[in-house]
Amino acid sequence: MAEPIRVCITGAAGQIGYSLVYMVGSGAVFGPDTPVILHLLDIKPMMTVLNGVCMEISDCALPCVRDVIATDDPAVAFKDIESAFLVGSMPRKEGMERKDLLAANVKIFKVQGAALEQYAKKSVKVLVVGNPANTNALICAKYAPSIPRENFSAMTRLDQNRAQAQISAKLGIPVTDVKNVIIWGNHSSTQFPDVRHASAIVNGQTVSVYDAIKDDAFLKGEFITSVQKRGAAVIAARKLSSAMSAAKAACDHMRSIWEGTSEGHFVSMGVFSDGSYNLPEGVMYSFPVTIKDKKWSIVQGLPIDDFAQEMMDKSAKELCEERDDAIAVCED
Ligand SMILES: NC(=O)C1=CN([C@@H]2O[C@H](COP(=O)(O)OP(=O)(O)OC[C@H]3O[C@@H](n4cnc5c(N)ncnc54)[C@H](O)[C@@H]3O)[C@@H](O)[C@H]2O)C=CC1
Ligand SMILES: O=C([O-])CC(=O)C(=O)O
(Lines give C-alpha, C1' and ligand atoms only; values in the text may rest on other atoms or scores of the structure.)
(Ligands and ions follow the chains in the order given, each with its own letter.)
Protein backbone atom coordinates (compact mmCIF):
# COMPACT_ATOMS: atom_id res chain seq x y z
CA MET A 1 0.00 0.00 0.00
CA ALA A 2 1.04 3.60 -0.69
CA GLU A 3 1.81 6.21 2.00
CA PRO A 4 -1.35 7.59 3.66
CA ILE A 5 -2.75 10.91 2.46
CA ARG A 6 -3.99 13.40 5.05
CA VAL A 7 -7.41 14.60 3.92
CA CYS A 8 -9.44 17.26 5.69
CA ILE A 9 -13.23 17.46 5.55
CA THR A 10 -14.79 20.52 7.20
CA GLY A 11 -18.41 20.49 8.30
CA ALA A 12 -17.91 16.78 8.88
CA ALA A 13 -20.82 16.56 11.31
CA GLY A 14 -23.22 17.99 8.72
CA GLN A 15 -25.35 16.51 5.96
CA ILE A 16 -22.81 16.48 3.12
CA GLY A 17 -20.09 15.44 5.56
CA TYR A 18 -22.07 12.35 6.51
CA SER A 19 -21.95 11.00 2.95
CA LEU A 20 -18.54 12.42 2.11
CA VAL A 21 -16.56 10.82 4.94
CA TYR A 22 -17.84 7.41 3.87
CA MET A 23 -17.06 7.96 0.19
CA VAL A 24 -13.53 9.23 0.87
CA GLY A 25 -12.95 6.43 3.40
CA SER A 26 -14.12 3.81 0.92
CA GLY A 27 -11.38 4.69 -1.58
CA ALA A 28 -13.69 6.44 -4.08
CA VAL A 29 -11.38 9.45 -4.43
CA PHE A 30 -7.75 8.47 -3.92
CA GLY A 31 -8.14 4.85 -4.97
CA PRO A 32 -8.63 1.59 -3.10
CA ASP A 33 -4.88 1.15 -2.53
CA THR A 34 -4.24 4.56 -0.96
CA PRO A 35 -4.76 4.80 2.79
CA VAL A 36 -6.19 8.04 4.16
CA ILE A 37 -5.93 9.81 7.48
CA LEU A 38 -9.20 11.68 7.87
CA HIS A 39 -8.98 15.11 9.55
CA LEU A 40 -12.56 16.02 10.46
CA LEU A 41 -13.33 19.61 11.45
CA ASP A 42 -16.53 21.02 12.85
CA ILE A 43 -17.47 23.65 15.42
CA LYS A 44 -17.40 23.02 19.17
CA PRO A 45 -21.19 22.54 19.69
CA MET A 46 -21.10 19.74 17.08
CA MET A 47 -18.35 17.66 18.74
CA THR A 48 -20.78 15.12 20.22
CA VAL A 49 -22.38 14.58 16.81
CA LEU A 50 -18.93 14.36 15.21
CA ASN A 51 -17.98 11.75 17.77
CA GLY A 52 -20.97 9.71 16.60
CA VAL A 53 -19.78 10.02 12.99
CA CYS A 54 -16.36 8.76 14.12
CA MET A 55 -17.99 5.76 15.79
CA GLU A 56 -19.74 4.95 12.52
CA ILE A 57 -16.55 5.32 10.47
CA SER A 58 -14.93 2.84 12.82
CA ASP A 59 -17.93 0.50 12.52
CA CYS A 60 -17.68 0.61 8.71
CA ALA A 61 -14.25 -1.12 9.06
CA LEU A 62 -13.02 0.67 5.95
CA PRO A 63 -9.71 -0.76 4.72
CA CYS A 64 -8.48 2.64 3.44
CA VAL A 65 -8.99 4.51 6.71
CA ARG A 66 -5.69 4.50 8.61
CA ASP A 67 -6.69 7.04 11.27
CA VAL A 68 -9.35 9.63 12.11
CA ILE A 69 -8.66 12.96 13.80
CA ALA A 70 -11.83 14.79 14.89
CA THR A 71 -11.39 18.36 16.10
CA ASP A 72 -12.81 21.87 16.38
CA ASP A 73 -9.34 23.39 15.96
CA PRO A 74 -8.32 24.40 12.41
CA ALA A 75 -4.64 24.17 13.45
CA VAL A 76 -5.11 20.44 14.06
CA ALA A 77 -7.50 19.90 11.16
CA PHE A 78 -5.22 21.49 8.56
CA LYS A 79 -1.86 20.20 9.84
CA ASP A 80 0.13 18.74 6.92
CA ILE A 81 -2.95 17.99 4.85
CA GLU A 82 -2.66 17.35 1.11
CA SER A 83 -6.33 17.56 0.23
CA ALA A 84 -9.14 19.65 1.72
CA PHE A 85 -12.88 19.51 1.18
CA LEU A 86 -14.17 22.79 2.62
CA VAL A 87 -17.83 22.06 3.23
CA GLY A 88 -18.49 23.52 6.70
CA SER A 89 -20.77 26.55 6.40
CA MET A 90 -24.45 27.42 6.50
CA PRO A 91 -26.74 25.97 3.79
CA ARG A 92 -29.55 28.04 2.25
CA LYS A 93 -33.24 27.60 3.03
CA GLU A 94 -36.21 27.74 0.70
CA GLY A 95 -36.60 31.13 -1.02
CA MET A 96 -32.93 32.16 -0.66
CA GLU A 97 -30.32 32.54 -3.40
CA ARG A 98 -26.88 31.12 -2.61
CA LYS A 99 -25.35 34.61 -2.56
CA ASP A 100 -27.64 35.43 0.39
CA LEU A 101 -25.26 33.22 2.39
CA LEU A 102 -22.28 35.42 1.63
CA ALA A 103 -22.44 37.57 4.74
CA ALA A 104 -22.76 34.52 7.01
CA ASN A 105 -20.23 32.26 5.28
CA VAL A 106 -17.44 34.24 3.69
CA LYS A 107 -15.63 34.99 6.96
CA ILE A 108 -15.35 31.23 7.61
CA PHE A 109 -13.32 30.98 4.40
CA LYS A 110 -11.19 33.97 5.33
CA VAL A 111 -10.28 32.33 8.66
CA GLN A 112 -9.75 28.92 7.06
CA GLY A 113 -7.59 30.43 4.27
CA ALA A 114 -5.34 31.92 6.95
CA ALA A 115 -5.21 28.57 8.79
CA LEU A 116 -4.39 26.67 5.58
CA GLU A 117 -1.59 29.18 4.97
CA GLN A 118 -0.15 28.37 8.38
CA TYR A 119 -0.63 24.62 8.71
CA ALA A 120 -1.32 22.82 5.41
CA LYS A 121 1.24 21.50 2.94
CA LYS A 122 1.92 24.07 0.22
CA SER A 123 0.88 21.46 -2.32
CA VAL A 124 -2.58 21.07 -0.72
CA LYS A 125 -5.48 20.91 -3.17
CA VAL A 126 -8.47 22.80 -1.76
CA LEU A 127 -11.99 22.21 -3.00
CA VAL A 128 -14.56 24.73 -1.76
CA VAL A 129 -18.09 23.33 -1.55
CA GLY A 130 -19.67 25.75 0.96
CA ASN A 131 -21.83 28.40 -0.72
CA PRO A 132 -21.46 30.78 -2.40
CA ALA A 133 -18.71 28.38 -3.48
CA ASN A 134 -16.92 30.39 -6.19
CA THR A 135 -16.55 33.51 -4.09
CA ASN A 136 -15.70 31.62 -0.90
CA ALA A 137 -12.89 29.89 -2.83
CA LEU A 138 -11.60 33.24 -4.04
CA ILE A 139 -11.50 34.60 -0.49
CA CYS A 140 -9.93 31.44 0.90
CA ALA A 141 -7.09 31.68 -1.64
CA LYS A 142 -6.63 35.40 -0.94
CA TYR A 143 -5.90 34.68 2.73
CA ALA A 144 -3.48 31.83 1.90
CA PRO A 145 -1.01 33.75 -0.29
CA SER A 146 1.85 31.25 -0.05
CA ILE A 147 -0.27 28.40 -1.43
CA PRO A 148 -0.42 28.60 -5.24
CA ARG A 149 -3.80 30.03 -6.18
CA GLU A 150 -4.20 27.29 -8.81
CA ASN A 151 -4.54 24.86 -5.86
CA PHE A 152 -7.97 26.32 -5.02
CA SER A 153 -11.10 25.41 -6.90
CA ALA A 154 -14.85 25.69 -6.40
CA MET A 155 -17.41 22.98 -6.99
CA THR A 156 -19.64 23.14 -10.06
CA ARG A 157 -19.35 19.39 -10.64
CA LEU A 158 -22.80 18.83 -9.17
CA ASP A 159 -24.21 21.10 -11.89
CA GLN A 160 -22.21 19.20 -14.50
CA ASN A 161 -23.52 15.88 -13.19
CA ARG A 162 -27.08 17.24 -13.19
CA ALA A 163 -26.76 18.44 -16.79
CA GLN A 164 -25.20 15.15 -17.90
CA ALA A 165 -27.95 13.15 -16.20
CA GLN A 166 -30.66 15.24 -17.90
CA ILE A 167 -29.14 14.71 -21.34
CA SER A 168 -28.76 10.98 -20.76
CA ALA A 169 -32.43 10.76 -19.70
CA LYS A 170 -33.57 12.75 -22.72
CA LEU A 171 -31.60 10.51 -25.09
CA GLY A 172 -32.34 7.30 -23.17
CA ILE A 173 -28.63 6.41 -22.92
CA PRO A 174 -26.35 5.66 -19.95
CA VAL A 175 -24.96 8.74 -18.20
CA THR A 176 -21.44 7.53 -18.98
CA ASP A 177 -22.20 7.86 -22.70
CA VAL A 178 -22.53 11.65 -22.42
CA LYS A 179 -19.32 13.66 -22.30
CA ASN A 180 -18.05 17.24 -22.23
CA VAL A 181 -21.12 19.05 -20.95
CA ILE A 182 -19.85 22.41 -19.68
CA ILE A 183 -20.88 24.59 -16.76
CA TRP A 184 -19.74 28.17 -17.28
CA GLY A 185 -19.69 30.78 -14.53
CA ASN A 186 -21.05 30.83 -11.02
CA HIS A 187 -22.57 27.98 -8.99
CA SER A 188 -25.79 29.97 -8.92
CA SER A 189 -28.91 30.51 -10.96
CA THR A 190 -26.87 32.56 -13.50
CA GLN A 191 -24.67 29.58 -14.43
CA PHE A 192 -24.68 28.54 -18.09
CA PRO A 193 -25.00 24.78 -18.66
CA ASP A 194 -23.78 24.38 -22.25
CA VAL A 195 -24.08 21.27 -24.43
CA ARG A 196 -22.80 22.83 -27.68
CA HIS A 197 -19.48 21.02 -27.28
CA ALA A 198 -20.85 17.82 -25.76
CA SER A 199 -21.07 14.45 -27.46
CA ALA A 200 -23.03 11.30 -26.80
CA ILE A 201 -22.94 7.68 -27.92
CA VAL A 202 -26.25 6.92 -29.62
CA ASN A 203 -26.78 3.56 -31.35
CA GLY A 204 -23.05 2.90 -31.16
CA GLN A 205 -22.13 6.18 -32.92
CA THR A 206 -20.53 9.24 -31.31
CA VAL A 207 -22.69 12.23 -32.20
CA SER A 208 -23.04 15.83 -31.08
CA VAL A 209 -25.59 16.20 -28.27
CA TYR A 210 -27.09 19.18 -30.08
CA ASP A 211 -27.68 17.13 -33.24
CA ALA A 212 -28.94 14.13 -31.29
CA ILE A 213 -31.53 16.13 -29.33
CA LYS A 214 -32.50 18.38 -32.25
CA ASP A 215 -34.50 20.72 -30.02
CA ASP A 216 -33.02 24.20 -29.84
CA ALA A 217 -35.93 25.52 -27.75
CA PHE A 218 -35.41 22.83 -25.10
CA LEU A 219 -31.61 23.19 -25.01
CA LYS A 220 -31.78 27.00 -24.76
CA GLY A 221 -34.76 26.99 -22.41
CA GLU A 222 -36.03 24.25 -20.10
CA PHE A 223 -32.72 22.37 -20.00
CA ILE A 224 -30.78 25.43 -18.83
CA THR A 225 -33.32 26.62 -16.28
CA SER A 226 -33.84 23.20 -14.77
CA VAL A 227 -30.09 22.79 -14.15
CA GLN A 228 -29.85 26.35 -12.83
CA LYS A 229 -32.72 25.75 -10.41
CA ARG A 230 -32.11 22.12 -9.49
CA GLY A 231 -30.64 22.96 -6.08
CA ALA A 232 -33.76 24.97 -5.20
CA ALA A 233 -36.00 22.13 -6.44
CA VAL A 234 -34.23 19.68 -4.11
CA ILE A 235 -34.64 22.09 -1.19
CA ALA A 236 -38.36 22.50 -1.98
CA ALA A 237 -38.79 18.71 -1.95
CA ARG A 238 -36.50 17.68 0.91
CA LYS A 239 -36.62 20.86 3.00
CA LEU A 240 -32.87 20.36 3.10
CA SER A 241 -30.30 21.08 0.42
CA SER A 242 -28.65 18.41 -1.72
CA ALA A 243 -26.29 16.25 0.27
CA MET A 244 -25.72 12.78 -1.24
CA SER A 245 -25.34 14.20 -4.75
CA ALA A 246 -23.15 17.04 -3.45
CA ALA A 247 -20.84 14.57 -1.70
CA LYS A 248 -20.65 12.43 -4.85
CA ALA A 249 -19.80 15.50 -6.95
CA ALA A 250 -17.12 16.57 -4.46
CA CYS A 251 -15.55 13.12 -4.79
CA ASP A 252 -15.73 13.30 -8.60
CA HIS A 253 -14.07 16.74 -8.53
CA MET A 254 -11.19 15.73 -6.23
CA ARG A 255 -10.69 12.42 -8.08
CA SER A 256 -10.39 14.35 -11.36
CA ILE A 257 -7.61 16.43 -9.76
CA TRP A 258 -5.84 13.33 -8.45
CA GLU A 259 -6.22 11.13 -11.52
CA GLY A 260 -6.34 13.76 -14.28
CA THR A 261 -8.76 13.80 -17.18
CA SER A 262 -8.64 11.23 -19.95
CA GLU A 263 -7.82 12.09 -23.57
CA GLY A 264 -10.63 14.06 -25.21
CA HIS A 265 -12.52 14.63 -21.95
CA PHE A 266 -12.90 17.78 -19.93
CA VAL A 267 -14.64 18.61 -16.66
CA SER A 268 -15.98 21.86 -15.21
CA MET A 269 -14.71 23.56 -12.07
CA GLY A 270 -14.50 27.05 -10.65
CA VAL A 271 -10.90 28.21 -11.13
CA PHE A 272 -9.07 31.55 -11.28
CA SER A 273 -10.11 33.28 -14.46
CA ASP A 274 -7.18 34.33 -16.63
CA GLY A 275 -9.42 36.32 -18.96
CA SER A 276 -10.06 33.40 -21.35
CA TYR A 277 -13.19 33.74 -23.51
CA ASN A 278 -13.24 37.53 -22.91
CA LEU A 279 -14.28 36.97 -19.30
CA PRO A 280 -13.02 39.12 -16.43
CA GLU A 281 -9.88 38.12 -14.53
CA GLY A 282 -9.79 37.92 -10.76
CA VAL A 283 -12.91 35.86 -10.12
CA MET A 284 -13.36 32.11 -9.65
CA TYR A 285 -15.21 31.24 -12.82
CA SER A 286 -16.31 27.75 -13.80
CA PHE A 287 -14.55 26.74 -17.02
CA PRO A 288 -14.06 23.47 -18.86
CA VAL A 289 -10.61 22.20 -17.84
CA THR A 290 -8.32 19.31 -18.60
CA ILE A 291 -6.09 18.08 -15.77
CA LYS A 292 -2.64 16.49 -15.83
CA ASP A 293 -0.21 15.95 -12.94
CA LYS A 294 -2.80 17.59 -10.62
CA LYS A 295 -2.69 20.85 -12.66
CA TRP A 296 -5.66 22.15 -14.58
CA SER A 297 -5.65 24.03 -17.88
CA ILE A 298 -8.65 25.88 -19.27
CA VAL A 299 -9.81 24.33 -22.56
CA GLN A 300 -9.11 26.97 -25.20
CA GLY A 301 -10.54 27.74 -28.60
CA LEU A 302 -14.11 26.49 -28.23
CA PRO A 303 -16.36 28.40 -30.63
CA ILE A 304 -18.75 30.63 -28.66
CA ASP A 305 -21.86 32.09 -30.30
CA ASP A 306 -23.64 35.29 -29.24
CA PHE A 307 -26.20 33.46 -27.11
CA ALA A 308 -23.45 31.66 -25.17
CA GLN A 309 -21.30 34.77 -24.71
CA GLU A 310 -24.25 36.68 -23.32
CA MET A 311 -24.99 33.89 -20.82
CA MET A 312 -21.32 33.66 -19.85
CA ASP A 313 -21.02 37.43 -19.38
CA LYS A 314 -24.12 37.55 -17.18
CA SER A 315 -22.66 35.04 -14.74
CA ALA A 316 -19.29 36.86 -14.81
CA LYS A 317 -21.03 40.10 -13.86
CA GLU A 318 -22.64 38.40 -10.86
CA LEU A 319 -19.27 36.97 -9.79
CA CYS A 320 -17.63 40.42 -9.94
CA GLU A 321 -20.41 41.82 -7.73
CA GLU A 322 -20.08 38.92 -5.28
CA ARG A 323 -16.29 39.42 -5.16
CA ASP A 324 -16.67 43.09 -4.31
CA ASP A 325 -19.27 42.33 -1.61
CA ALA A 326 -17.08 39.58 -0.15
CA ILE A 327 -14.00 41.79 0.03
CA ALA A 328 -16.07 44.47 1.79
CA VAL A 329 -17.37 41.90 4.33
CA CYS A 330 -13.85 40.58 5.00
CA GLU A 331 -12.36 44.04 5.45
CA ASP A 332 -15.12 45.08 7.87
N1 LIG B 1 -21.14 23.74 -4.33
C2 LIG B 1 -22.17 22.92 -4.32
O3 LIG B 1 -22.50 22.31 -5.36
C4 LIG B 1 -22.96 22.66 -3.09
C5 LIG B 1 -22.72 23.38 -1.94
N6 LIG B 1 -23.48 23.16 -0.80
C7 LIG B 1 -23.14 23.96 0.38
O8 LIG B 1 -22.38 23.15 1.29
C9 LIG B 1 -22.50 23.71 2.61
C10 LIG B 1 -22.78 22.62 3.65
O11 LIG B 1 -24.05 22.06 3.41
P12 LIG B 1 -24.66 20.94 4.38
O13 LIG B 1 -23.67 19.89 4.68
O14 LIG B 1 -25.96 20.55 3.79
O15 LIG B 1 -24.92 21.82 5.69
P16 LIG B 1 -25.14 21.32 7.21
O17 LIG B 1 -25.71 22.47 7.95
O18 LIG B 1 -25.84 20.02 7.25
O19 LIG B 1 -23.64 21.06 7.69
C20 LIG B 1 -22.71 22.10 7.77
C21 LIG B 1 -21.75 21.75 8.87
O22 LIG B 1 -20.73 22.75 8.86
C23 LIG B 1 -20.43 23.03 10.20
N24 LIG B 1 -19.74 24.32 10.29
C25 LIG B 1 -20.27 25.55 10.35
N26 LIG B 1 -19.29 26.47 10.49
C27 LIG B 1 -18.13 25.80 10.49
C28 LIG B 1 -16.78 26.18 10.62
N29 LIG B 1 -16.43 27.46 10.77
N30 LIG B 1 -15.82 25.22 10.59
C31 LIG B 1 -16.17 23.93 10.45
N32 LIG B 1 -17.44 23.49 10.36
C33 LIG B 1 -18.41 24.43 10.37
C34 LIG B 1 -21.77 22.99 10.91
O35 LIG B 1 -21.62 22.86 12.30
C36 LIG B 1 -22.39 21.77 10.26
O37 LIG B 1 -22.06 20.57 10.96
C38 LIG B 1 -23.60 24.79 2.50
O39 LIG B 1 -22.99 26.06 2.37
C40 LIG B 1 -24.32 24.42 1.23
O41 LIG B 1 -25.01 25.49 0.67
C42 LIG B 1 -24.44 22.21 -0.78
C43 LIG B 1 -24.71 21.45 -1.89
C44 LIG B 1 -24.00 21.64 -3.14
O1 LIG C 1 -28.91 24.74 -3.78
C2 LIG C 1 -28.30 24.77 -2.70
O3 LIG C 1 -28.38 25.68 -1.87
C4 LIG C 1 -27.31 23.68 -2.46
C5 LIG C 1 -26.50 23.60 -3.67
O6 LIG C 1 -25.58 24.38 -3.88
C7 LIG C 1 -26.97 22.71 -4.73
O8 LIG C 1 -27.77 21.81 -4.49
O9 LIG C 1 -26.52 22.90 -5.86
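Which residues does R98 touch, not counting residues up to four places away in sequence? Select R98 to begin. The model on screen is a predicted one. R98 touches R92, N131, P132, R162, H187, S188, S189 and G231, with residues up to four places away in sequence left out of the count.

**Stop 1: R98 and the annotated set**

Keep R98 selected and show the backbone around it. R98 sits in the loop between β4 and α4. R98 counts as buried because its relative accessible area is 6%, which is under the 20% cut-off.

Now add R92, N131 and R162 to the selection. Together with R98, these residues carry the annotation "binding site" in an unreviewed UniProt entry. From this set, R98 is part of the lining of the second largest cavity.

**Stop 2: R92**

Centre on R92. This residue is found in the loop between β4, residues 83-86, and α4, residues 102-119. Is R92 buried or exposed? Its relative accessibility is 11%, so R92 counts as buried.

Display the surroundings of R92. Leaving aside neighbours within four places in sequence, R92 is in contact with E97, R98, L101, G231, A232 and I235. G231 is also on the list of residues that R98 touches. For a polar contact, look towards M96: its backbone oxygen lies 2.8 Å from a polar atom of the R92 side chain.

**Stop 3: ligand 1**

Select ligand 1 next and show the residues around it. How many residues surround ligand 1? There are 26, and the closest are Q15, D42, S89, V129 and N131.

Three polar contacts can be checked with the distance tool:

- M90: a backbone N or O atom of this residue is 2.9 Å from an oxygen atom of the ligand.
- V129: a polar backbone atom here is 3.1 Å from a nitrogen atom of ligand 1.
- N131: a polar side-chain atom lies 2.8 Å from an oxygen atom of the ligand.

N131 has come up before: the UniProt annotation "binding site" covers it, and R98 touches it.

**Stop 4: the sheet β7-β10-β11**

Switch to a cartoon view and select β7, β10 and β11. These three strands form an open sheet in the order β7-β10-β11, with antiparallel pairing. The edge strands are β7 (178-179) and β11 (205-208), each of which pairs on one side only.

Zoom in on β7 and β10. Strand β10 covers residues 199-202, and β7 pairs with it in the antiparallel sense over two bridges. To find one of the bridge pairs, select V178: its partner in β10 is A200.

**Stop 5: β12 and β13**

Select residues 267-272, which make up strand β12. This strand is mostly covered, with six of its six residues buried. Add β13, residues 284-292: the two strands pair in the antiparallel sense over six bridges. V271 is a useful marker here, and its bridge partner in β13 is Y285.

**Stop 6: A120**

Finish at A120, in the loop between α4 and β5 (125-128). Why does A120 count as buried? The reason is its relative accessibility of 9%, which falls under the 20% limit.

Show the contacts of A120. Not counting residues up to four places away in sequence, A120 touches F78, D80, I81 and A115. Lastly, draw a line from the C-alpha of A120 to that of G270: the two residues are 150 residues apart in sequence and 21 Å apart in space.

Notes. Residues numbered from 1 in each chain as written. Chains lettered and ligands numbered in written order. Predicted model: local features only at pLDDT ≥ 70, side-chain atom pairs only at ≥ 80, totals over all residues. Heavy atoms only, no water. UniProt positions renumbered as here; feature names shortened; annotations may be inferred. 1 Å grid on protein atoms, 1.4 Å probe; cavity = no way out; pocket = protein on both sides within 12 Å on 5 of 7 lines; lining within 4 Å. Helix = DSSP H or I, 4+ residues; strand = E, 2+ residues; numbered from the N terminus. Buried < 20%, exposed > 50% of the residue type's maximum accessible area, 1.4 Å probe, protein only. Contact = heavy atoms within 4.5 Å. Polar contact = N/O pair within 3.5 Å; in protein donor to acceptor, adjacent residues only side chain to side chain. Pairing = 2+ DSSP bridges. Near = heavy atom within 4 Å.
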